[in-house]
Amino acid sequence: MKNETNHISGAEALMRSLEHEGVDVLFGYPGGAIMPTYDALYDHKETLHHILVRHEQAAVHAAQGYARVSGKVGCAIVTSGPGAMNTITGVADAMIDSTPMVVICGQVGAAMLGTDAFQEVDVVGVTQPITKWNYQIRRAEDIPWAVARAFYIARSGRPGPVVLDFAKNAQTAMIDYEPQTVDFIRSYNPVPQPLLGCIEAAAELINSSERPFMLVGQGVELAGARSELLALCEKAQIPFGQTMLGLSAAPTAHPLNMGMLGMHGNLAPNVMTNRCDLLIAVGMRFDDRVTGNLHTYARQAKVIHFEIDPSEVGKIVKPTVAVLGDCKETLVEVTQLVKPAEHREWVDAFRPYAETEYEKVIDAAINPKNGALLMGEVVRRVSEATGDEAVMVTDVGQNQLFGCRYFRYTHPRSIVTSGGCGTMGFGIPAAIGAAFGAPDRTICMFCGDGGFQMTIQELGTIMEQQCPVKMILLNNSYLGNVRQWQYMFFDKRYSFTPMLNPDYEKIAAGYGIPCRTVVERDKLEEAIREMLATDGPYLLQCAVREEDNVLPMTPPGGSVDEMLLEIE
């Protein structure tokens, strides 16, 4: 029975602190240095649902998936040494993609720190550059404070990961527990106030603009500012494009939505970035995959940057006006001062580029008449079968790019993908986390044969939990994205990109997961219906064209308005 007194162990104090923060799901893997914590967790199984993953990297990716669809802080627990080190990729991924997450790592006792004890690693030193905050808990008395501070930092302002390094002696020592809540930290200003006059200046630029264009990033999703964003765009008739992580920040079908920005984005928003007279960036960081060659990027335009993180302002593109603060609030303030406008001729100017892309690229990608199955058509058929209402999770590579281009989004928080870090192996565990973060939604995970094998052991987690993840394996027997670059830039020298694959149907059968392989086009829609109608998990393997290429494409170092629509 759980000890109901307040004189409890540090491990028990951690459990109660997590409950106090509203944690309901944990992803983790036990080991020696975190064993006291797992012993305490045994008595909290009714309130803290622990998901046993098969590898620590999966714990953090699952926590990311959970956080991205739920808006809550994801939480992972692992042991010291190799356990902690296996989380590093996911921590870095969460940092660059602004995902709120708290990772709790076991550590050797405080008296043994620095002695190279068994499974001791300097977790604080290793993770300092890739976390919002990290802290080593050496005393049980510090647990309530450290946990409260960790969750506050992870979720506030621009979200991100926090790592707590939990010494074993702090887990076993006894304390008189009192829960703590942190909502203020001196010297930490998570939501800066707008600079004097910037709201008025931004509105003035919008009112005087004839060709405004808005760049919508994931910050809009994180702020829950969809309605505020659309109110401004609709009032001033501002067309917008979206970054990869911002694709579900506004509905795909919105008439002002011109599509995805970036290297493999849509032609119209990329070309018109270099035609607009005002570029309005909201919650995005001008990633190099969006800007292309900075020397030619939007040189003709004035720039407004709505941003919560001051360090991002002017880091890559210098704004004419910077609007610091929470965009859910600042967008409203600017909208109040903006005059209604039409910009009909400007909005219509996007259409010829969209029509050209459809004729030369999109129609052939989603409506092929013959030949092998294509990734684009599989993605679009799955999206259509879900009524464009599912959560799309991807791994990294061509599966990700085709997924982002051809899936369609209706609801917020509908895309989970590894953006800035580009982590192969992300897909399966992130989909597991998404299934727990949004249990009432359909989770469709697209993965290539390369990324699928990087975390294939998590089929065991899916089996044990009966996660209703619909896995679509786009199998081309290549590391497809690398192969495309080898095709385009390395004289078709396919150096170690062809892959000999296992029998995925037999592997799925070993885990008790229904599986079907589709080769012929006329069987695709029936197979998708079967997948979606099946309770629990399902693996749909699609044998797709081996040498399919993602187009359009801005060549590395190229200008955003010089996209390739075909490859010679």
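## Backbone conformation at Asp116 and Phe496

In this predicted model, Asp116 has a relative accessibility of 72% and therefore counts as exposed, the threshold being over 50%. Asp116 is placed in the loop between β5 (101-107) and α6 (123-127). Its phi is near 60 degrees, a positive value in a residue other than glycine. Most residues other than glycine have a negative phi, and most peptide bonds are trans.

Phe496 also carries a positive phi, of about 60 degrees, although it is not a glycine. The residue lies in the loop between α22 and α23 (504-510). Is Phe496 buried or exposed? With a relative accessible area of 77%, Phe496 is exposed.

## Helix α22 and the residue that follows

Helix α22 spans residues 480-489. Which of the residues of this helix are buried? They are Gly480, Arg483, Gln484, Gln486, Tyr487 and Met488. The list thus includes the charged residue Arg483, along with Tyr487 and Met488. These buried residues pack against α18, which covers residues 398-406.

After α22 comes Asp491, with a positive phi near 55 degrees. The loop from α22 to α23 also holds Phe496, the exposed residue described above.

## The six-stranded open sheet

An open sheet of 6 strands is present, with parallel pairing. Its strand order is β16-β15-β17-β18-β20-β19. The edge positions belong to β16 (415-416) and β19 (515-518), each of which pairs on one side only.

At one edge, β16 runs parallel to β15 (residues 391-394), and 2 bridges join them. Val393 has Val416 of β16 as its bridge partner. At the other edge, β19 and β20 run parallel and are joined by 4 bridges. Within this pairing, Cys515 stands opposite Leu539 in β20.

The two faces of β19 can be told apart by their cover. Arg516 and Val518 form the covered face, whereas Cys515 and Thr517 form the uncovered one. Cys515 accordingly appears both on the uncovered face and opposite Leu539.

## A cis peptide bond after β20

Which peptide bond is cis? The bond from Leu551 to Pro552 has this form, with omega near -5 degrees. Pro552 is found in the segment after β20, a strand that covers residues 538-543. The same strand β20 is the partner of the edge strand β19.

## Overall architecture

The protein chain contains 24 helices and 20 strands. Why does its radius of gyration agree with that of a compact globule? A compact globule of 568 residues would have a radius of gyration near 24 Å, and the chain has 24 Å, so the two values agree. Along the principal axes, the C-alpha atoms fill a box of roughly 70 × 65 × 40 Å.

Of the 568 residues, 59% count as buried. Among contacts between residues at least 6 apart in sequence, 76% join residues at least 24 apart.

## Surface and charge

The accessible surface of the protein chain comes to about 22600 Å². Carbon and sulfur atoms account for 52% of that area. The chain carries 46 positive and 67 negative charges, and the mean positions of the two sets are 3 Å apart.

Technical notes:
Residues are numbered from 1 along each chain as its sequence is written. This is a predicted model: local features need pLDDT of at least 70, side-chain atom pairs count only at pLDDT 80 or more; totals for chains, interfaces and linings use all residues. Side-chain values use heavy atoms; hydrogens and water are left out. The radius of gyration is taken over C-alpha atoms; the globule rule is 2.2 Å times the number of residues to the power 0.38. Buried means under 20% relative accessible area, exposed over 50%, partly exposed in between (1.4 Å probe, protein chains only). Contact means heavy atoms within 4.5 Å. Accessible areas come from the Shrake-Rupley method with a 1.4 Å probe; for residues, only the protein chains shown count as cover. The place of a charge is taken as NZ of Lys, CZ of Arg, CG of Asp or CD of Glu. Two strands pair if DSSP finds at least two bridges between them.
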